Amino acid sequence: MAQTLPNYKNAIFTLFIFLHLLDAQSHQFSRKLSPEPLDFKNQKLTHLHFYFHDTVTGDHPTAFPVARASITNTSSTLFGLVMVVDDPLTVGPELTSKIVGRAQGIYASASLNDFGLLMNLNYVFVEGKYNGSTLSILGSNHVFSKVREFPIVGGSGAFRFARGYALANTYSFNTTSGDAVVEYNVYVQHY
């Protein structure tokens, strides 16, 4: 015959289960928030214009290879090449023009059939009212298309809750060195 626990042990066990269930119910994964404290009604639309300088050669490169796939060296598109960058963003196309930020992140050759890059970059601004603020992009860059579009997936500082898009147009590309200057027009909605 099965042995039964004394009543006080059943009571303690029941209390333990009850307290555990109460504790589990007190944690939440999500909850609704009022948008009023975040001031979502006062959205701003900002247009930023700058030049991105990707330098892979010379005395002061700003883009460095950090990984290669087994087929990178034989691929016509350099498939699998991963670069880490800290590229200056300037007001004009000349590298000597005023620096307004840096493009920091990774791009990788992610297409077997054409020169298509996966871009994962933060634009870190260092000038004016956007000093210390960032915009994050994540998207596909088919470098030989005249204009490329990247989604803005977030931001920080003045660009908290940012969304929008960036249009990239190659200003100059040195086919010998691989160095490039890219013009960016960024349209960002933020609060």
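**Threonine 77, the core and the largest pocket**

Visitor: Which residues does threonine 77 touch, not counting residues up to four places away in sequence?
Guide: The model is predicted. Threonine 77 lies in the loop that links strand 2 (63-67) and strand 3. With residues up to four places away in sequence left out, its contacts are Ser109, Ser111, Leu112, Asn113, Asp114 and Phe115.

Visitor: Is threonine 77 buried or exposed?
Guide: Its side chain reaches the backbone oxygen of serine 111 at 2.7 Å. The relative accessibility of threonine 77 is 3%. Buried means under 20%, so threonine 77 at 3% counts as buried.

Visitor: Which strand supplies the largest share of the largest nonpolar core?
Guide: This core has 29 residues, and those with the most contacts inside it include Tyr123 and Tyr184. Several strands each supply at least two of its residues, among them strand 1 (44-54), strand 5 (116-125) and strand 9 (180-190). The largest share, five residues, comes from strand 5.

Visitor: Which phenylalanines does tyrosine 184 touch, not counting residues up to four places away in sequence?
Guide: Tyrosine 184 is one of the residues with the most contacts inside the core. Beyond four places in sequence, it touches residues including Leu48, Met119 and Tyr123. The phenylalanines it touches are Phe50, Phe52 and Phe150.

Visitor: How many residues of the lining of the largest pocket are charged?
Guide: The pocket has a volume of about 640 Å³. Its lining is made of 25 residues, with Asp54, Leu117, Val143, Phe173 and Gly178 nearest the centre. Of the lining residues, 16 are nonpolar and seven polar, and the number charged is two.

Methods: Residues are numbered from 1 along each chain as its sequence is written. This is a predicted model: local features need pLDDT of at least 70, side-chain atom pairs count only at pLDDT 80 or more; totals for chains, interfaces and linings use all residues. Side-chain values use heavy atoms; hydrogens and water are left out. A nonpolar core is a set of buried Ala, Val, Leu, Ile, Met, Phe, Trp, Tyr and Cys residues joined through side-chain atoms within 4.5 Å. Buried means under 20% relative accessible area, exposed over 50%, partly exposed in between (1.4 Å probe, protein chains only). Helices (H or I, at least four residues) and strands (E, at least two) are DSSP runs, numbered from the N terminus. Contact means heavy atoms within 4.5 Å. A polar contact is a pair of N or O atoms within 3.5 Å; within protein, one must be able to donate a hydrogen and the other to accept it, and residues adjacent in sequence count only if both atoms are side-chain atoms. On a 1 Å grid over the protein atoms alone, a cavity is a set of points where a 1.4 Å probe fits but cannot get out, and a pocket is an open set with protein on both sides within 12 Å along at least five of seven lines; lining residues have an atom within 4 Å of a point. Grid points are joined across faces, edges and corners, and a volume is the space filled by probe spheres set on the points. Ala, Val, Leu, Ile, Met, Phe, Trp, Tyr, Cys and Pro count as nonpolar, Asp, Glu, Lys and Arg as charged, and the others, Gly among them, as polar.
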